Amino acid sequence: MNPPVITEQERAQKELAVVGKGIPKADAGVKVTGQAQYMHDLELPNMLYGKILYSDRASARIVSIDTSEAERIPGVKAVLTAYNTPEIRFGFLKDNMALKKDRVRQYRDEVAAVAATTPELAEAAIKAIVVHYEDLPAVFDPEEAMQEGAPLVHELNPKGEPNKDNRLRLPWKFSAGDVEAGEAASAFIAEGEYETGWVTHCCLGTAGCVAAFDPDDNLTMYSITQIPSLAKADFQEAMKAMGVRGKVRVVLTTLGGGFGSKLDTYAFEYIAMLLAHRTKKPVKILFDREEEFFATSPRQPTRIKIRQGCDAEGRLTFRDISMVLDNGAYTSWGATTPTVMMMPSSSLYQVENVRFRATCVYTNNTYAQAMRGYGTPQVTFAIESNLDELAEKAGIEGYEFRLKNANLPDTVTPQGFKVDSCGHVPCLEAVAERMDWAGYRAAKAARLAGDATGAGGDATLVESDTAGVPPVAQAAWTELPDKVRGIGMACLLHVGGGAKIYKSDGCGTLIKVDDLGYVDVYSGSMDMGQGLDTILRQIVAETLGLGVDRINVVIGDTDVCPWDAGAHASRSTFVAGNSALYAAQQVREQILNSAADILDTPRDGLDLTGGMVVCADDPEKTTKIEKVLRKAHFASAGNTMFMAAYFYEPPTDLLAGDFKGNYSMAYAWGCHGVEVEVDRRTGQIDIVRYIAAHDVGKAINPLLLRGQILGGGLQGIGWALAEEMIFDEGKLLNPNFRDYKMLTALDSVDVEPILVEDPAAAGPYGAKGIGEPGLVPTAPAIANAIYDAVGIRLRKLPMKPEMVLAAIMEAEGR
Amino acid sequence: MAGFEYVRPTTLEGAVAELSMRGDTAVAVAGATDLWVNIRSGKMKPEAVVSLRGIAGLDVLTPERADGGGLTIGAMTPHGKVEDSAWTAAHFPALQQGCAGLGSRQVRNVGTVGGNICNAAPCADSATALMLFDATLVIQGPGGLRELPLGEFFVGPGMTRLLKGELLKEIRVPDPGANTFSRYIKHTRRRGVELAMMSVGVRLTLEDDMTTVKAARISLGVCAPTPTCADRAQDMLVGKPLTREAVEAAALVAAEDSQVRDSWRGKAWYRREMIRVLVPRAVEQSGAYVAAGLAPALDDAGSAASSGASAPGAPTPDDPGASSGATEGGA
């Protein structure tokens, strides 16, 4: 069924009552009063507490596991290992197992698990298990792991065939045009290598689940997944492996943050299933903070090589990107981030000749997963940093260079993206205007010219000559001020209208309306704090002419809610929003058709507004919606209740084969501008000003939207400057907030959002997705500003003061 | 978390008796901001915890005079109380800054100055700041009271000269005299909830000529196994006119003499370099240069005018306001 199309005219004709308003988040009240039920709050009768024993080494053969003492502890109801349970394989390549057999490949490997009547007994039982290991060679550097003779992390692939080396057989290659020809036509070429490490989501609510079987072996999994329907399928498959016939129901509690960390299922969930089935009691596994740090999967680390060229006028001629990704010991969504990195690689700025290659390599490190941006922050760091380097070589100021090459509406990119709405240029212009880009550049040029005079340098420097010229070139370092400022910008491209990376990118919605004018909306989507609950209320309320207080959104129960591909790819507002919109439009038609009969007036003159069925032809007939609903229900002739179902599948191309096609219904653009102050003596970076312009299509809820941009910006600034998971031969050294430097409230930067509204033709009320973009261009914008300030190019994240200072000292020759 | 007996004596003598009787099996607890973490993680497994919270008279901050003089700090005084003390900010700015930059406000509301000292962490902010003022510790033992200079108290990380059964009662800070300037800079990666990567305190007392240095202290956190003073560096300044060159020379010696080391939390070279950079900055921000006529007066925001540090026309973000204490925090 094709979605009904709302034309621009129709949209413009009607003044929006609810959409576009900054309505507080639906669950704000229960969250601030402590009534929200998190996994931590969930207790079931007779519930047991599960606990996992992890490997204490990175690579070893399991010689023996002695569980006898643990089993003797009163209150311990089950002690499981791979040797007394069915094998459950999971993950994108099915190379991971719930409990590890014969060997461990990373520190977080699950070796044994217990269920006991209290968490303390479970802890004691874990400590009573004795595992004997025999160390095996390990490899921690992905490029070393690619070498011939490197220790194999997996001797066999999941099919049981021998692996030749540690490279994953994944087809992450894309090319368009002719890179060699582009290179030959280049007047300037810039190349660089960029590196990003491990960072983690830092969900304030630690991960956990409760698995409960009924006597007929049906499983209810209380979960915090971002993918209820897909997790259900995963758990159902595990039931098969367990030889259990029942059906799976996934029920969500309130999530204490997601950010991509719950986009795949985890071993602990399968272990909870095994423990619950063995004990015939509900089993809860709840991570402590240390586990949250080391046993959930972080952002995909990358080493990226990039070359870009431009002609004499500054038009991009080619872009060539290759990268090595540290996959860790098992394969989850981290290994698929290249498919999304292809997007900005091929299509951010207009460049015809593009090549992209990514190699994922097994190591004995922790395995990576999805995290806000899904690879695009990493590759955008390389693209946008390198773009400034290229612009400098071409002698063109960075903003002007970007404008010259910016994406435009109604174009098709080399990857085949059909770009209709495109706010790239408006975002660039908005940042430049807000920061007085030209004025700043002119003032700095004048200052540098002044400094140069003072230092006996060239007093004839003009603006275009000094852009990006490091201050060290102008004066001896001892004569420079301790603190110097600079500005930088970086842009982004992200999917804004779903992303067909699964076979379906769809979402189902059921809507029912009761006699009193209250509406229940059952959506397959979910809320992890991003505000989907509120967005759906607004869309349905707008469509039915009701207040949001009449709309109840029901999410997070696979027994009740239709299928959905999950909360990822910034897709929920767009895809779940459209699904709800089209379902609501059906209900609206039902109500109006009934109203026409009941009020005995032509359908065309009727509208739903302000809780009323409004009759334009005969205002006397205007009546409350609920009166029409009751008449329709109880009339002997009608006996109608209003309900509708809609499954929205975006008509996009599945990303596969040559990776060409239109895999999103809309594309989100943005530009971040930042002013930094660099302390040349300590290497510390202060963000003086941070502007984030985003093409959001239409802001359905400007309040929540600003929250997304602020949150993304702060998370990105932390990624750029402070956050890192520090591993020593596979062991995480900083699994706590003392040593993992997530920014605090005191570090908050006043991110200034600019909302550019260029409506997406296919979006609900014109909206595009905005969940991830706020984070994407943070690091390169800051890196470019640091370069502008002190003339050093930082190519590795986080840009820690030591690194900054070491680079400055080297550049200044001290 | 293992169970333990919780003892709550109401006198210091009673607490000392409890600890003496129980020996190694008991620990004293003040604010519990470290102890609870260690017990929960299993690092400490005491059979008994002797709380000092029921003892009256230890949560005190007693200035000698309203207009100055020395200061007595009860061991159970929370950092937040020192942070909020306008008197301390006026007369012992570095001490107020040290206390105000520790942990989070929540931690400062319960964590005590005595606990911070007795924990003997190399990064202890209040201890490093107190080193500047020649503080003396008053210690209650089974046999009565004894006094010990703070500078002699620390033995190593987590190790002090406190004997079995002894408890810290109070810290006495003598009057540093007129013309005293001090500043504590905690160097961190972020601004809140942070341990120092290293820290620097300076205290200068000038003669009445407002030029000659009468007394100088440079204290360092995380630059040795314990909070330390840079003896050779500070002695270089005494009896001589205060100049920027002299301070920079002293900073270099302090850096050379330090026992900084490499760890994954921070590199030795960087810590050493920060001593060199931050000692002069601390002197600058203490106001001593202004008093000695070496710098223009502080502006309203409390910013020490430095040598043209910022872009022309742009406001300086540097805010060494006395209430913040964390202005050197990294981004």
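**Group meeting: domains, a small sheet and one alanine**

I begin with a single residue, Ala246(B), which is placed in helix 10 of chain B, spanning residues 244–257. Please bear in mind throughout that this is a predicted model.

Is Ala246(B) buried or exposed? It falls between the two: Ala246(B) is partly exposed, because 16 other C-beta atoms lie within 10 Å, whereas 20 or more would be needed for a buried residue and 12 or fewer for an exposed one. Leaving aside residues up to four places away in sequence, Ala246(B) touches Leu237(B) and Lys240(B). As for its position relative to Pro78(B), the two residues are 168 residues apart along the chain, and 37 Å separate their C-alpha atoms.

I turn now to the division of chain B. The assignment gives domain 1 as 5–51, domain 2 as 61–173 and domain 3 as 180–291. Taken over C-alpha atoms, the centres of domain 1 and domain 2 of chain B are 19 Å apart. Contact between these two domains involves 12 residues of domain 1 of chain B and 17 residues of domain 2 of chain B. Which element supplies the largest share of the domain 1 side? Helix 1 of chain B, residues 12–22, does so with five residues. By class, that side of domain 1 of chain B holds seven nonpolar residues, four polar and one charged.

Next, the sheet in chain B. Three strands in the order 1-3-2 make up an open sheet, and their pairing is parallel. Strand 1 (5–7) and strand 2 (26–29) of chain B each have a single partner strand, so they stand at the edges and one side of each lacks a neighbour in the sheet. From one strand to the next, the twist averages 25°. Strand 1 of chain B pairs with strand 3, residues 48–51, in the parallel sense over three bridges. Within strand 3 of chain B, Val50(B) stands opposite Val7(B). Helix 1 of chain B packs on this sheet and touches strand 1, strand 2 and strand 3 of chain B. The direction of helix 1 makes about 155° with that of strand 2 of chain B.

Finally, chain A. Its domains are assembled from separate segments: domain 1 is 8–36 + 506–648, domain 2 is 44–136 + 223–254 + 262–280, and domain 3 is 423–492 + 666–812. The C-alpha centres of domain 1 and domain 2 of chain A lie 42 Å apart. How many residues are in contact between them? On the side of domain 1 of chain A there are 13, and on the side of domain 2 of chain A there are 12. The domain 1 side comprises five nonpolar, five polar and three charged residues.

Technical notes
Residues are numbered from 1 along each chain as its sequence is written. Chains are lettered from A and ligands numbered from 1 in the order in which they are written. This is a predicted model: local features need pLDDT of at least 70, side-chain atom pairs count only at pLDDT 80 or more; totals for chains, interfaces and linings use all residues. Domain bounds come from an automatic or database domain assignment. Two residues are in contact if their C-beta atoms, placed from the backbone, lie within 7 Å. Helices (H or I, at least four residues) and strands (E, at least two) are DSSP runs, numbered from the N terminus. Ala, Val, Leu, Ile, Met, Phe, Trp, Tyr, Cys and Pro count as nonpolar, Asp, Glu, Lys and Arg as charged, and the others, Gly among them, as polar. Two strands pair if DSSP finds at least two bridges between them. Axes are lines fitted to C-alpha atoms, for helices over the stretch in contact, and angles run from 0 to 180 degrees between N-to-C directions.
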